[in-house]
Amino acid sequence: MNKVSSIIKFKTTDLLADSMLFSMNELGCYIRLATHYWVRGRLPTDDLTLARLAGCSLGEFKDVWPKVSAQFEETDTGLKCPSLDKEMAAAKKKSKKASE
């Protein structure tokens with residue numbers, strides 16, 4: 001589990017830039033997956049589990065995943081989200097500085 005914070009911060013300009021052309025379903029899928037990623041630090045790669053995490057059926061997931069997947073990169077340990085990795089690193093740095 002991610003030890004940074006249970007509060008995820010979406011920068012409005014980044015969220016809009018990343019999702020401006022998303023449908024409502026695509027945006028909902030992205031936000032649900034992003035919040036799971038924030039807590040766990042990674043996402044699985046199998047479609048069925050991703051669909052469940054996104055709160056939709058496998059068919060609905062397969063409809064939205066082509067656009068949403070552009071926000072994630074597949075690695076040996078699962079899917080990563082580079083934009084959220086930057087935010088998590090900044091949050092960890094801020095948390096460490098505050099605890100000193």
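Start by selecting Asp76, which sits in the loop between E1 and strand E2 (78-80). The labels come from DSSP runs numbered from the N terminus, where a helix is a run of H or I with at least four residues and a strand is a run of E with at least two. Asp76 is exposed, because its relative accessible area is 85%. Here is the scale: exposed means over 50% relative accessible area, buried means under 20%, and partly exposed is in between, using a 1.4 Å probe and protein chains only. Now add Thr45: Asp76 and Thr45 are 31 residues apart in sequence, and their C-alpha atoms are 9.8 Å apart in space.

A quick word on what you have open. This is a predicted model, in which local features need pLDDT of at least 70, side-chain atom pairs count only at pLDDT 80 or more, and totals for chains, interfaces and linings use all residues. Residues are numbered from 1 along each chain as its sequence is written, and side-chain values use heavy atoms, with hydrogens and water left out.

**Zoom out**

Show the whole chain as a cartoon. You should find five helices and two strands, and following the sequence gives you the pattern α-α-α-α-β-β-α. Of the 100 residues in the chain, 29% are buried. Contact on this tour means heavy atoms within 4.5 Å. Among contacts between residues at least 6 apart in sequence, 61% join residues at least 24 apart.

**Stop: the loop after H4**

Next, pick Gln71, in the loop between H4 and strand E1 (73-75). Is Gln71 buried or exposed? Gln71 counts as buried, because its relative accessibility is 15%. Leave out residues up to four places away in sequence, and Gln71 touches Asp18, Phe22, Tyr30, Lys80, Cys81 and Pro82.

**Stop: helix H2**

Move to helix H2 (residues 24-40) and click on Cys29. With 2% relative accessibility, Cys29 counts as buried. Which residues is Cys29 in contact with, leaving aside its neighbours within four places in sequence? Light up Ala54, Phe61, Val64 and Val68 to see them. Try a distance label too: Cys29 and Cys56 are 27 residues apart in sequence, and 8.1 Å apart from C-alpha to C-alpha.

Stay in helix H2 for Glu26. Glu26 is buried as well, with a relative accessible area of 9%. Not counting residues up to four places away in sequence, Glu26 touches Leu21, Val64, Lys67 and Val68.

**Stop: where H3 meets H4**

Two packed helices are described by the angle between their axes and the distance between the axes. Colour helix H3 (residues 47-54) and helix H4 (residues 58-68): their axes come within 9 Å and cross at roughly 95°. That makes H3 roughly perpendicular to H4. On this scale, angles under 35 degrees are roughly parallel, over 145 roughly antiparallel, 65 to 115 roughly perpendicular, and the rest oblique. The axes are lines fitted to C-alpha atoms, for helices over the stretch in contact, and the angles run from 0 to 180 degrees between N-to-C directions.

Now show the side chains. From H3, Asp47, Leu48, Leu50 and Ala51 meet Leu58, Phe61, Lys62 and Trp65 from H4. The residues of this contact divide into six nonpolar, no polar and two charged.

**Stop: the aromatic rings**

The structure holds four aromatic pairs. Rings of Phe, Tyr and Trp (its six-membered ring) pair if their centres lie within 6.5 Å; planes under 30 degrees apart are stacked, over 60 edge-to-face, and the rest tilted. Select Phe61 and Trp65: their ring centres are 5.0 Å apart and their planes are at 25°, so the pair is stacked. Both lie in helix H4, four residues apart, about one turn of the helix. Trp65 also pairs with Phe72, stacked at 5.9 Å centre to centre with 25° between the planes. Add Phe22 and Tyr30, and you have one aromatic cluster with Phe61, Trp65 and Phe72.

**Last stop: the core**

Keep Trp65 selected. Not counting residues up to four places away in sequence, Trp65 touches Leu33, Leu50, Phe72 and Leu79. The largest nonpolar core has 20 residues, and Leu33, Trp65, Val68 and Phe72 have the most contacts inside it. (A nonpolar core is a set of buried Ala, Val, Leu, Ile, Met, Phe, Trp, Tyr and Cys residues joined through side-chain atoms within 4.5 Å.) H2, H3, H4 and helix H5 (82-99) each give two or more residues to this core, and H2 provides the largest share, with six residues.

Notes. Nonpolar A, V, L, I, M, F, W, Y, C, P; charged D, E, K, R; others polar.
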